[in-house]
Amino acid sequence: MDSYVVIGNPIGHSRSPQIHQSFAQATAQIMSYERLLAPLDAFEQSVRNFMQQGGKGANITVPFKEQAFAMADVLTPRAQRAGAVNTFKFEDNGCILGDNTDGAGLVLDLKRLSVQLSGQRILLLGAGGAARGALAPLLAEQPTQLVIANRTLTKAQQLAALFADLGEVQACSFDQLQQPFDLIINATSASLSGELPALSPACITTQHTQCYDMMYGAEITAFNQWALAQGAAQVMDGLGMLVAQAAEAFQLWRGVLPNNLNEVLTSLRKTLTH
Ligand code: NDP
């Protein structure tokens, strides 16, 4: 049986086995998918061991995405752009193909939610790994404007420069933002600690602006709570992105895109505990 793992540290919390097992069932693929805890100082050895056991592929999560980028023999263009790898495919010739499906997962989820991207003014909050992974797939949808705002301005400026060849992308600090956007994507980790990016309410047009927080949880995130209080038309969280990035990885491995994303998302949502 073809075997796959998600590698991280810690890894016990990962929902990926549940997601991929549901995809395998829905697409009639015979495969196994488990969690693999890699010691913090032995990521590469853990991957090599799994390959020697006949593993076919892996997802890579915190804190190993940059190490996975360095370890891949071949990178997809989107992984090259993202500077990080969340999916390995082990080729029959021993080559490791590195991909990054996070940004594609975000866009797939936004489309599932019928959020329009082309011709829209998009604000991306944050300039860490998740923001970087999202930039190329977002720009490919041809928004009118894409602004990256970050607490540390220089990081936003670096990202804007890196992606300038792909479209109209600008950088600014939070306090420079006083104009409304159609879509605001929170790719900061502020919600993890219940904090808020210092964003002006002027960025939200009542009953128009849609907001997407990449973070998710049993409760509405702090950012989405704030956005609703400012009159946002709709708030969405990143659970769908998690499922959609997994679907993209599944397609790379198995050659088929699962079509049960909504079902997987609904059952996953029920397992989130308060
Ligand atoms: P990083 O650590 O790489 O980046 C964190 C970013 O958040 C930086 O831009 C940082 O700003 C900013 N930040 C942190 N705290 C605050 C704060 N209090 N106020 C304003 N800005 C803040 O994290 P990632 O990019 O990997 O992850 C970001 C978020 O995306 C996390 O919540 C993560 O859970 C989520 N995520 C969700 C995924 C999904 O599938 N749903 C997939 C990947 C990530 P600065 O540069 O100034 O430090």
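Tutor: A salt bridge here is a side-chain nitrogen of Lys or Arg within 4 Å of a carboxyl oxygen of Asp or Glu. The model in front of you is predicted.

Student: With which residue does Arg81 form a salt bridge?
Tutor: The cut-off for the pair is 4 Å. The closest N and O atoms of the Arg81 pair are 2.5 Å apart. The partner is Asp165.

Student: How many salt bridges does the rule find across the interface of domain 1 and domain 2?
Tutor: The domain assignment gives domain 1 as 2–100 + 240–273 and domain 2 as 103–237. Arg81 falls within the range 2–100, and Asp165 within 103–237. Across the interface of these two domains, the rule finds 2 salt bridges.

Student: How many residue pairs are in polar contact across that interface?
Tutor: Both residues of a pair must be at pLDDT 80 or more. Counted that way between domain 1 and domain 2, the pairs number 8.

Student: Which helix gives the most to the side of domain 1 that touches domain 2?
Tutor: Helices H4 (77–82), H9 (239–254) and H10 (261–271) each supply at least two residues of that side. The top contribution is 6 residues. That helix is H9.

Student: How many nonpolar residues does the side of domain 1 that touches domain 2 have?
Tutor: Take the classes in turn. The side has 4 charged residues and 7 polar ones. Its nonpolar count is 7.

Student: What area do domain 1 and domain 2 bury between them?
Tutor: Start with the contacts: 18 residues of domain 1 touch 20 residues of domain 2. Carbon and sulfur atoms carry 60% of the buried area. The area is about 1600 Å².

Student: Which residues of domain 1 lose the most area to domain 2?
Tutor: Three residues together account for 41% of what that side buries. They are Arg81, Met241 and Leu272.

Student: How far apart are the C-alpha centres of domain 1 and domain 2?
Tutor: The two centres are taken over C-alpha atoms, one for domain 1 and one for domain 2. Their separation is 25 Å.

Student: Now the ligand. Which residues come nearest to the ligand?
Tutor: There are 22 residues around the ligand. Five of them come nearest: Ala130, Asn150, Thr152, Lys155 and Glu195.

Student: Which residue has a side-chain N or O atom 2.7 Å from a nitrogen atom of the ligand?
Tutor: Sort the contacts by ligand atom. The side chain of Lys155 has an N or O atom 2.7 Å from a ligand oxygen. Ser189 places a backbone N or O atom 3.0 Å from a ligand oxygen. For the ligand nitrogen, the residue is Glu195.

Student: In which helix do Glu44 and Arg48 both lie?
Tutor: Glu44 and Arg48 form a salt bridge, with their closest N and O atoms 3.2 Å apart. The two residues are 4 apart in sequence, about one turn of the helix. Both lie in helix H2.

Student: Which residue does a cis peptide bond join to Pro10?
Tutor: Pro10 lies in the loop between strand S1 (2–8) and helix H1 (16–26). Omega of the bond is about 5°. The residue joined to Pro10 is Asn9.

Student: Where does Pro63 lie?
Tutor: The peptide bond from Val62 to Pro63 is cis, with omega near 5°. Pro63 itself lies in the loop between strand S3 (57–60) and helix H3 (65–71).

Student: What is phi of Ser114 near?
Tutor: Ser114 sits in the loop between helix H5 (102–112) and strand S7 (121–125). Its phi is positive, in a residue other than glycine. The value is near 60°.

Technical notes: Residues numbered from 1 in each chain as written. Predicted model: local features only at pLDDT ≥ 70, side-chain atom pairs only at ≥ 80, totals over all residues. Heavy atoms only, no water. Domains from an automatic or database assignment. Contact = heavy atoms within 4.5 Å. Buried area = accessible area lost by both parts, 1.4 Å probe. Polar contact = N/O pair within 3.5 Å; in protein donor to acceptor, adjacent residues only side chain to side chain. Nonpolar A, V, L, I, M, F, W, Y, C, P; charged D, E, K, R; others polar. Near = heavy atom within 4 Å.
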